[in-house]
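Let's walk through this structure together, starting with the fold and ending at the surface. Have the model open beside you as you read.

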Amino acid sequence: MPKANSAAHTKWLCKYHIVFTPKYRRKIIYNQYKKDLAQILHDLCTYKGVEIIEGHLMPDHVHMLVSISPKIRVSSFMGYLKGKSSLMMFNRHANLKYKFGNRHFWAEGYYVSTVGLNDAMVRKSILTKYLYMIIIMFIIIWMLNFRYKLQK
């Protein structure tokens with residue numbers, strides 16, 4: 001049985017699977033942006049006392065499996081996370097202001113579902129999607145290299 005967290009008068013085990021996307025679902029989360037965004041999201045979650053159990057940054061969306069205290073509403077946490085991370089990304093990367101006008105890095109809304117005691121299935125799903133994306137990118141790169149060799 002998973003370990004329950006405790007507060008003064010409660011024991012709790014609240015896990016959520018959250019997915020959110022950049023504005024216009026742009027494929028912006030890669031290379032330096034990916035490293036900085038991962039660090040920013042980790043720092044903001046740590047500051048709020050939210051544990052990231054599993055998380056992957058895809059080129060056009062973010063998957064997170066998090067454990068949030070019942071004191072914090074998921075909607076207020078997501079508002080905080082998306083708002084602060086957006087401001088921090090624009091402060092670190094000034095060139096993003098031209099791609100995303102008015103400092104709107106994230107699209108409106110997010111997907112959230114509760115994860116019961118079976119978080120292994122959600123972890124596997126997130127990891128499978130990540131591996132699938134890597135395989136697709138490898139195939140595309142291989143095809144481009146093959147086409148380039150045929151043109152020579």
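Helices (H or I, at least four residues) and strands (E, at least two) are DSSP runs, numbered from the N terminus. With that in hand, the chain reads β-β-β-α-β-β-α-α-β-α along the sequence, which adds up to four helices and six strands. This is a predicted model, where local features need pLDDT of at least 70, side-chain atom pairs count only at pLDDT 80 or more, and totals for chains, interfaces and linings use all residues. Residues are numbered from 1 along each chain as its sequence is written, and side-chain values use heavy atoms, with hydrogens and water left out.

Now for the overall dimensions. The C-alpha trace spans about 70 × 40 × 20 Å along its principal axes. Of the 152 residues in the chain, 38% are buried (under 20% relative accessible area; exposed means over 50%, partly exposed in between, with a 1.4 Å probe and protein chains only). Taking contacts as heavy atoms within 4.5 Å, 71% of those with a separation of 6 or more link residues 24 or more positions apart.

What does the surface offer? The chain exposes about 10000 Å², and carbon and sulfur atoms supply 59% of that area (Shrake-Rupley method, 1.4 Å probe; for residues, only the protein chains shown count as cover).

Finally, look at helix 4 (residues 119-151), where Tyr-132 lies. Tyr-132 is exposed, because its relative accessible area is 56%. Tyr-132 also helps to make a nonpolar surface patch of about 970 Å², together with residues including Phe-138, Trp-142 and Leu-144.

Technical notes: Patches are made of residues with over 30% relative accessible area and no salt bridge: like charges are joined within 9 Å, nonpolar side chains (Val, Leu, Ile, Met, Phe, Trp, Tyr) within 5 Å. A salt bridge is a side-chain nitrogen of Lys or Arg within 4 Å of a carboxyl oxygen of Asp or Glu.
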